[in-house]
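Below is a short report on one structure. Have the sequence and the 3D view open while reading.

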Protein chains: 2
Amino acid sequence: MANGQENSGDSGNTPDTSGVPVTVRTLADLARLAGVSTGTVSRALAGKALVNTETRERIQALAREHGFRPNQMASKLRSKRTGVVGIVIPLGHEKRQHISDPFFLTLLGWLADELTESGYDVMLSRALPDGTSDWLERVTGSGMVDGVLLIGQSDQFEVIEAVARHYRPLVAWGAYSEGQTHCAVGTDNIEGGRIAAEHLIASGARKLAFMGEIKGIEIDERWRGASAAAAKAGIPIVHIPISLASEEMGAQIAEAAKSADFTIDGIVAASDLIAMNVLHCLHEKGRAVPGDVQVIGFDDLPLASLTMPPLTTIRQEIGSGAKAMVERLRERLEGAPAGSLKMPPRLVVRETTKAV
Amino acid sequence: MANGQENSGDSGNTPDTSGVPVTVRTLADLARLAGVSTGTVSRALAGKALVNTETRERIQALAREHGFRPNQMASKLRSKRTGVVGIVIPLGHEKRQHISDPFFLTLLGWLADELTESGYDVMLSRALPDGTSDWLERVTGSGMVDGVLLIGQSDQFEVIEAVARHYRPLVAWGAYSEGQTHCAVGTDNIEGGRIAAEHLIASGARKLAFMGEIKGIEIDERWRGASAAAAKAGIPIVHIPISLASEEMGAQIAEAAKSADFTIDGIVAASDLIAMNVLHCLHEKGRAVPGDVQVIGFDDLPLASLTMPPLTTIRQEIGSGAKAMVERLRERLEGAPAGSLKMPPRLVVRETTKAV
DNA sequence: CCGCCAATTACAATCGTTTGAAAGTTTAAG
DNA sequence: CTTAAACTTTCAAACGATTGTAATTGGCGG
């Protein structure tokens, strides 16, 4: 018992410590109260076997009683493990800065669930890469997160590649192609676009349109898949750029409809949300679905089955996608070289396309 | 010039420092490189006026060149300001742990936007209060966040009240009633429920049903408003509990429809999502909307206008709600005693109810 | 030439934990 | 009774920044 820090002769001086509402803010406070050193308290609270069981329980009880919780900042600083994963949503190609895409929002929900389950905290950053290319490094280099999950690649492919070259614990939702450095989990969008167009053609469509802004890689791939399928079948297909942000979408589609070619009888929508707007617009114009025009969406959001008529669409496995992303991130955090994953899209036939 | 830490006789020994790829990880590294003390580097990077303009620019350039970014953990620990706001979604009454409610997800999006705009980082926690009541204190007491935003109150009203009594920077989305300690921003749900029921009655409904689980306070208020209005008009109304989680919702509604009283001609749905499911179910049963049954939703999600027929609903101002929440949180962070806000709901008449 | 003031910069304490090493204590074995 | 081994606990050095205070420098008026 070295220097007078312990409560020797404890209950002798002060009749009852519980009368004084001591505010226990730090490990040191608690240590004084328990008559041990901060080191012991630290280990006791962490549940380490190094401290005597009885001591440990006494300290834990004391901590609970005073509602003490160790300062995370200090803890994380010292241990160099933050237990936090950053989720960032790059909003490169959307001027409108609001996160509204239901697919991304749903993915976010799943990712948050997966991460929480694995004991990670989630730090959310919506990043709008306005010219500067350090939006990603601002997160990876902040020392705030152990790893980063990217919801979409937007038009920032190169930036992501550059960061991935020296920052391992990074996994993106999105496209993967040969020779790509960064780890990506996503649907085979080319294949998805192809399947969509082929289905439309197989069920009788003879003049197609693809609706959706193709600045983002994923959507661009869907377009390429669809147009390739159309070309192969000798069917014409036009591209109609529609913003992915829901606010402008409705107006843009209405606008497009005005000057539209009314001989179009098959529409590949870049997302379910676009498809739903298209359906609505078509109904207002008095065009029958799938009688006059057939429509196919992309994503298979839970909502897709609720439209009138229920939406035929290309399903993306969002739940297992989220799981795969988190899995890969964890592997990478442990130093393993987890690779990309391209999941097969699946055609879900409902009633906006004709039965063959 | 005290002890040999500076690069005196700098370029004498090593011919060119740029040849060596020194990895600059800490302030000290950068300080050595710049030949100044860490204190100066810190102030230089923070852009403080205390350092010479020329020095400051030199240091900033050096930092940029080496991609140096100060460790946030250390910074936050020392300055006791984290610049992080926690957003937590209490999932008390939903066993199904997945965040799926589109209203909450949308609110989350708006909050994240508002906070980012104000220079805050966002820490996301989905909390499922499984018996323990410290789910909130785990966030407020972690030292990780400056303040907390709650997305909904679930059935955890008392827990929130308890925390709010000693933790000021806390703002919740949800219900407010006389004498409540914690700051809440939300819609007047009783009024909303009342308006919904009244509208149905005014347009001819004579036998009502309210669909939605009322364990959460907000939904309960809607139910109370609706049933009060029905009672006042002498119209019967039944309560049909439907889970708010989208997965089970469809099945539950179908189940309810089976044993349903087919004389019901007006449905108040607790949310737009429920309304959409109801619409779908009704269509399958071959019942006409609004001919046989009228339906009114709650929220006015962007999707509400896309249903067939377009959904009559009670609008919640989610965007300005988010803004109000962040505003109040900021005031509270500055010590001001920001109070609650109850926003008026607004009836949005579309086509699932009959014209009067 | 001296002293004083302003402008810079260096020094050193601090934020609250974690953790390796050292120091004490028991207990068990020889 | 001695010594080693196994347990516990304390000590003190990090972790990487921020910031009040002291020290240095140069300029300027007297």
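How do the residues of the surface near DNA strand D divide into nonpolar, polar and charged? They divide into 9 nonpolar, 11 polar and 7 charged. Here Ala, Val, Leu, Ile, Met, Phe, Trp, Tyr, Cys and Pro count as nonpolar, Asp, Glu, Lys and Arg as charged, and the others, Gly among them, as polar.

## Basis of the model

This is a predicted model: local features need pLDDT of at least 70, side-chain atom pairs count only at pLDDT 80 or more, and totals for chains, interfaces and linings use all residues. Residues are numbered from 1 along each chain as its sequence is written, chains are lettered from A and ligands numbered from 1 in the order in which they are written, and side-chain values use heavy atoms, with hydrogens and water left out.

## DNA strand D

DNA strand D is surrounded by 27 residues. A residue is near a strand if one of its heavy atoms lies within 4 Å of it. B:Thr26, B:Leu27, B:Ser42, B:Arg43 and B:Arg78 are the closest. Of the atoms of DNA strand D that come within 4 Å of the protein, 62% belong to sugar and phosphate. Both chains contribute helices: α3 (38–46) and α5 (72–79) of chain A, and α3 (38–45) and α5 (72–79) of chain B, each supply at least two residues of this surface. Helices (H or I, at least four residues) and strands (E, at least two) are DSSP runs, numbered from the N terminus.

Three side chains of chain A make polar contacts with DNA strand D. A polar contact is a pair of N or O atoms within 3.5 Å; within protein, one must be able to donate a hydrogen and the other to accept it, and residues adjacent in sequence count only if both atoms are side-chain atoms. A:Thr40 places a polar side-chain atom 2.7 Å from a phosphate oxygen. The side chain of A:Thr55 has an N or O atom 2.9 Å from a phosphate oxygen. A:Arg43 reaches a base oxygen, at 2.8 Å.

## DNA strand C

DNA strand C has 26 residues around it. A:Arg25, A:Leu27, A:Ser42, A:Arg43 and A:Arg78 come nearest. Sugar and phosphate make up 62% of the DNA strand C atoms within 4 Å of the protein. The surface holds 9 nonpolar, 10 polar and 7 charged residues. Helices α3 and α5 of chain A and α3 and α5 of chain B each supply at least two of its residues.

The polar contacts here involve both chains. A polar side-chain atom of A:Lys48 lies 3.2 Å from a phosphate oxygen. The bases are also contacted: a side-chain N or O atom of B:Arg43 is 2.9 Å from a base nitrogen, and a backbone N or O atom of A:Ala74 is 3.4 Å from a base nitrogen.

## Domains and symmetry

Chain A is divided into domain 1 (12–70), domain 2 (84–187 + 318–344) and domain 3 (189–316). The bounds come from an automatic or database domain assignment. The centres of domain 1 and domain 3 of chain A, taken over C-alpha atoms, are 63 Å apart.

A turn of 180° and a shift of 0.0 Å along the axis lay chain A on chain B with an RMSD of 0.1 Å. That is the relation of a two-fold axis. The same surface serves both copies, as 100% of the contact residues of chain A recur in chain B. Contact means heavy atoms within 4.5 Å. Copies are superposed by least squares on the C-alpha atoms of residues with pLDDT of at least 70 in both. A:Met123 is the residue of chain A that comes closest to the rotation axis, at 2.2 Å (C-alpha).

## Buried sites in chain B

Helix α8 (residues 157–164) of chain B has B:Val159, B:Ile160, B:Glu161, B:Val163 and B:Ala164 buried. Buried means under 20% relative accessible area, exposed over 50%, partly exposed in between (1.4 Å probe, protein chains only). Their cover includes α7 (137–140), β3 (147–151) and β4 (170–173) of chain B.

B:Asn189 lies in helix α9 (residues 189–202) of chain B. B:Asn189 is buried, at 0% relative accessible area. Not counting residues up to four places away in sequence, B:Asn189 touches B:Glu218, B:Glu221, B:Arg222 and B:Phe298.

## Backbone exceptions

Most residues other than glycine have a negative phi, and most peptide bonds are trans. The bond from A:Met308 to A:Pro309 is cis, with omega near -10°. A:Pro309 sits in the loop between β9 (294–299) and β10 (312–315) of chain A. The bond from B:Val289 to B:Pro290 is cis too, with omega near 0°.

A:Asp299, in strand β9 of chain A, has a positive phi near 130°. A:Asp299 is buried, at 5% relative accessible area. B:Asp300 has a positive phi of about 60° and lies in the loop between β9 and β10 (313–315) of chain B. B:Asp300 counts as buried at 11% relative accessibility.
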